[in-house]
Structure formats: C-alpha cells, structure tokens
Amino acid sequence: MTGFLEVGGKSMSDERKYVEELGDVEDDFDRWYVEVVRRAELADESPVRGTRVIRPYGFALWENMQGELDRRIKATGVQNAYFPLFIPKSMLEREAEHVEGFAPEVAWVTRGGNKDLDEPWAVRPTSEAIICPTYARWVQSYRDLPILINQWCSVVRWEERPRAFLRSLEFLWQEGHTAHATLEEAEERARLMLEVYRDFVERELAIPLIPGQKTESEKFAGALRTYTIEAMMGGKKWALQSGTSHNLGDHFGRVFGIEFLDRDGERRYAFNTSWGLSFRTIGAVIMVHGDERGLKLPPRVAPIQVVIVPIWRKDEEREAVEAAVQRVRDVLQPVARVFVDRRDDKTPGWKFNEWELKGVPVRLEIGPRDVAQDQVTLVRRDTHEKRPVSVTELAGVVPAILDEIQANLFAAAKQMLDENTVEIDSYAQLKERVEANAGFSRAYWCGSETCETQVKAETKATIRCIPFEQPGTPGRCIVCGREAEQQVIWARAY
RNA sequence: CGGGGAGUGGCGCAGCCCGGUUAGCGCGCCGCGUUCGGGACGCGGAGGUCGGAGGUUCAAAUCCUCUCUCCCCGACCA
C-alpha cells in the first residue's frame, strides 16, 4: 500500500485533484473504503440494514472470481449442487458446539404465510446442519465415499456492525462439504482445499497470504481443526481471514448419523470437511491494492481489463478516430476484456479519472495524434506509466502488460506484508505494534488460552493463525515466558 | 446493547440557537450550442415540504415529546 503514504512525491494538492470526495486515504482508511465501494459502483446501499445491492460492476468482479475458483474446485473432483436456504431448528441444534457458536448470529423464520410454524426454521448461517443429514441418507457403504460437493449460495449471519463485503448480514460465498471414510483422508482434503484457496487468492487476486491453523478458541464451531489464509490489508495493516477450511473430524458424522459399513465389515462414522470463501475477498482486493485514486483491480479478475478512450476535436477527426478505435477493439477482443468508452458528454480527462477510480488495469487513449502514427497511447493503472504502442504490436503487448501488472500488484502487496510483519520477543513490543497499527507480529506462544485471552482483552489483537511455516526451534511465550514450541501471528482483524 | 454524531431535491451542505414572505448554495440531472490529449463552458430548465408521528403556536425545517434510520467508538463477530 505504498501509494497511500507516497503522496509526498507530488504535491498534496496535485494528488487531491484525483481524490476529490474519495476521502483521505492516509488518516481515514475506513472512510476511504466506504467511498471507493460506492463511487466505483461496486455496491450500493439497500433499505435493509447490513445488506447491500451488488451493482453490475461489483458483481462482474465476483463472477470472474467465481469462475476461477469454481474451476479450481472442480479440478479436485468436487461437484456443484444446491441445498435449501432453511434449516429446521432441531437440525441446527444437533451439534452442540456448532449451535452454540452460531446461535447469536442466526436469523429465524417463525411464520409462513399467515400461520405460525410449529418449528422455527433457521436461515442458514452455514449449511453443515442440512448437508450432513442429507449425506447420512446417501451413505451406506465405504463405496459411497467420499462425497465431494460444493455450493454457491448466500448465507445470513446477524452481524452487529456490518461493513460492505467484509461483514454483511447476507453474503455470497461458496461452501464445500465433503465426507470421507477416514480421518486422514478428511485431513488431506481440508489441507488440499486451503491450498486451492491460497493458489486462487495469490494468483488471481494478487494477494499474498499467511496460511496456517486457527487456535482452539478461534476455530470453527464444531470443528476438529480449522485452517485459514490470512491477508494483510492496506491502511491500518489489519488482518483479514480470506478463506477457511475445516477438518470436522467425525463430530458431525456422529450427530447426523453418517454411518457406513467399511471394507472390514465394521460400522463407522464418516469424517467431514467444510470450507468456504466469500465475497469478503472483494473487500480484500479493494484494501490491499487500492490507492489514493481508488481501486486497482488485478487484471486476471478485472471486469474490464482494457478501456479505450477515444479523443477528438473536430468531426473529421472523429471519423478517423472512430475507425482506429474499431480496429483496435477488434484486435484486442480475442485477447482481453475490452470496453470502449464512447460517452460524448464526458471529457477525456473525466473518463481517465473515472476508470482509474474503477481500477481498470490498462487504458488506451486514441486521438488524432495516435491515428496519424498508427499507434495508441497506453497508460498503466499501477505505475501511471504512459507510452505509445503501435497498433500492429497491440495484440502481443497488451496481454504481456496485463501479466506484468498482475505480477507487480502481487509484488507490491508482498512487500507490504513482509515489511509489516515483524518477529518480536516481548509482550511490550506487541502492545506497541498493535497500538501503532504496525501490522503483523510474529511471536512464540505457549499454547494456553489464558495468554491468548489476556492479549485479546488488553490489546484487541488476536492470534490470526499458527503459520505452517515454523522456525523449528522452541522459544519463550511472550506473554507468560514459558517454553513455547511454535510461533503465531498476532494482529488486529476486520 | 452502551457512548457520541447526524437525518433538509440524486450527492455534499447552509438555514435551526433568537419560529414569520415563494426553504437556499455547490455538484449532479434535462435541453440547446460551443467544447474534448488529466474531472470544460455559456444560456435555459426540472427537481425538495425539511426521516416519521404527535404536541405547543395565529404561524414550525426551526420549540417540546416519542419514534425510526444511518455513521463513528465500544461490546460482539466460523
């Protein structure tokens, strides 16, 4: 997020010119976020508190993300299906930890038409409680396993403090649910799907991650183990859990009766996994890559990768420019998502600013000067670099530049993550860093919930994860000083 | 749910304290014309009954009561 603090380079007023009502990214990141979401036309407010209208531009972004993730999920042998929105109260309550964890966030249907329901229905906050009983009906033999199913849907959680994309009453996601004959296989699947998420988020969204395991207190309600990918947001350098994968053990198999006769003739309960990634990752894209001019979308998922802005003065020019634009569009259409901004009520300058706000990676300006030399003026959103490219080279140059931008965004985000992740060896340092919004702190932790709770109460920072990558040597817990086997990542989180 | 702030054309605000003509301003919007290489300009025009309900008064955006919503902070948050 170097862009945020880099304003010093140019004069403040120069930069402000682009910002206008965007809000100051330096000292009011939250407001900046709200404004970007609104002005880039990703989402609009809705009449229902905590919910948003996802506008076409925002939804197109989500669709591109869906496409890429869906492809990866299916490549691991998973099929898509759909389960009902409503879950009978008694079913949701079968797994004790599960219901306890979700109870405060569940929305209930108590009335249908003009009759009160005998049994209230939960609007799914997640679907384990309806999918597992279904699996129980489908499984008799080890030959029926594994079951590998994913669904794209929305779920409802009654959040107290909603934030567009990051935490809303209703949100879009995919949730995968699998059932296996052995714990080992479930574990393998849980880790595999986390890896799918990591690959997707890092390669498509250009967001570097710290993959790891959640602590007991932070894990999914009812899970044996929860794995997570944690990303660092710009601005306040807080963490955002960007995807999660659970090994549910046989807890759900037992309570929902997913029983099968194994190869050796023994009756066994199935082992489950579940894993989800939601459109909160859109929030991550905004906060990780955005700058004082607005969004900066990773080319691989950007709804519009190349925007063409025609420029002319006189009618004669208009004709020539229009012809060139047509030609350029035809050349690029097969290799990129192209949009031609033909609006004639907006000046080129206005359009430049708007498309930058909307994060389009590449802009092509085509005016009389370009037409005369059979070229276009190409401008990168990430570096603001402006250069002429001859029309004949476009089809080769544009894809290459899109790849470069993708790599560049990842590199910049990686640098932010690395520069703001520091290994510390004292609680005092942690307090200081949390106070200063200094980013992630990596430190030894003894594993006790007491230390974890104390830090959370005193600093608001939580253990984001126990990273898979460990030094391999023991150290001392920064809270209690006892011997500790592993390091954890401490940070404040959205 | 606790603390703070705010609701006035689509957006941002002024007016309110010290009630009183047709509720202003900027942006945006519509029409016409000139413009167009980093948020153009002129002329003409449309649009609000002041979050909602009740009350005080000859008279309420303005005072009083209740209520709803949004924002920020806190508590909560797979």
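Reader: Glad to be looking at this with you. How many disulfides does a search of the whole structure find?

Author: Zero. A disulfide here is a pair of cysteine sulfur atoms within 2.5 Å. Cys132 is in no disulfide, and the nearest cysteine sulfur, that of Cys153, is 14 Å away. Cys153 is in no disulfide either; for Cys153 the nearest cysteine sulfur is that of Cys132, 14 Å away. Before we go on, a word on the source: this is a predicted model, in which local features need pLDDT of at least 70 and side-chain atom pairs count only at pLDDT 80 or more, while totals for chains, interfaces and linings use all residues. Residues are numbered from 1 along each chain as its sequence is written, chains are lettered from A and ligands numbered from 1 in the order in which they are written, and side-chain values use heavy atoms, with hydrogens and water left out.

Reader: Thanks! Is Cys132 buried or exposed?

Author: The general idea is a cut-off on relative accessible area: buried means under 20%, exposed over 50%, and partly exposed in between, with a 1.4 Å probe and protein chains only. Cys132 is buried, with a relative accessible area of 2%. Cys153, at 7% relative accessibility, counts as buried too.

Reader: Can we move to the backbone? Which residues does a cis peptide bond join?

Author: Start with the background: most residues other than glycine have a negative phi, and most peptide bonds are trans. Here a cis peptide bond joins Leu145 and Pro146, with omega about 0°. Pro146 sits in the loop between helix H7 (128-138) and strand S7 (147-156). Those labels are DSSP runs numbered from the N terminus: helices are H or I with at least four residues, strands are E with at least two.

Reader: And phi: what is the value for Phe165?

Author: Phi of Phe165 is near 70°, a positive value in a residue other than glycine. Phe165 lies in the loop between S7 and strand S8 (170-180), and Phe165 is buried, at a relative accessible area of 3%. His384 also has a positive phi, near 65°. The loop holding His384 runs between strand S18 (375-380) and strand S19 (386-390), and His384 is partly exposed, with a relative accessible area of 27%.

Reader: What does the side chain of Ser168 reach?

Author: A polar contact is a pair of N or O atoms within 3.5 Å; within protein, one must be able to donate a hydrogen and the other to accept it, and residues adjacent in sequence count only if both atoms are side-chain atoms. The side chain of Ser168 reaches the backbone oxygen of Glu170 at 2.9 Å. Ser168 is in the loop between S7 and S8 and is buried at 4% relative accessibility. Contact means heavy atoms within 4.5 Å; leaving out residues up to four places away in sequence, Ser168 touches Gly50, Arg157, Glu159, Pro162, Arg163 and Phe279.

Reader: How should I read strand S9?

Author: Two strands pair if DSSP finds at least two bridges between them. S9 (residues 210-213) pairs with strand S10 (residues 225-232) in the antiparallel sense over four bridges, and Ile210 stands opposite Glu230 in S10. Two bridges join S9 to strand S22 (residues 462-467), also antiparallel, with Gln213 opposite Ile466. The side chains of S9 alternate: Ile210 and Gly212 point to one face and are buried, while Pro211 and Gln213 point to the other and are not.

Reader: Last one: why is helix H10 described as largely enclosed?

Author: Because 10 of the 10 residues of H10 (residues 280-289) are buried. Its cover includes helix H3 (29-39), helix H4 (56-75) and S10.
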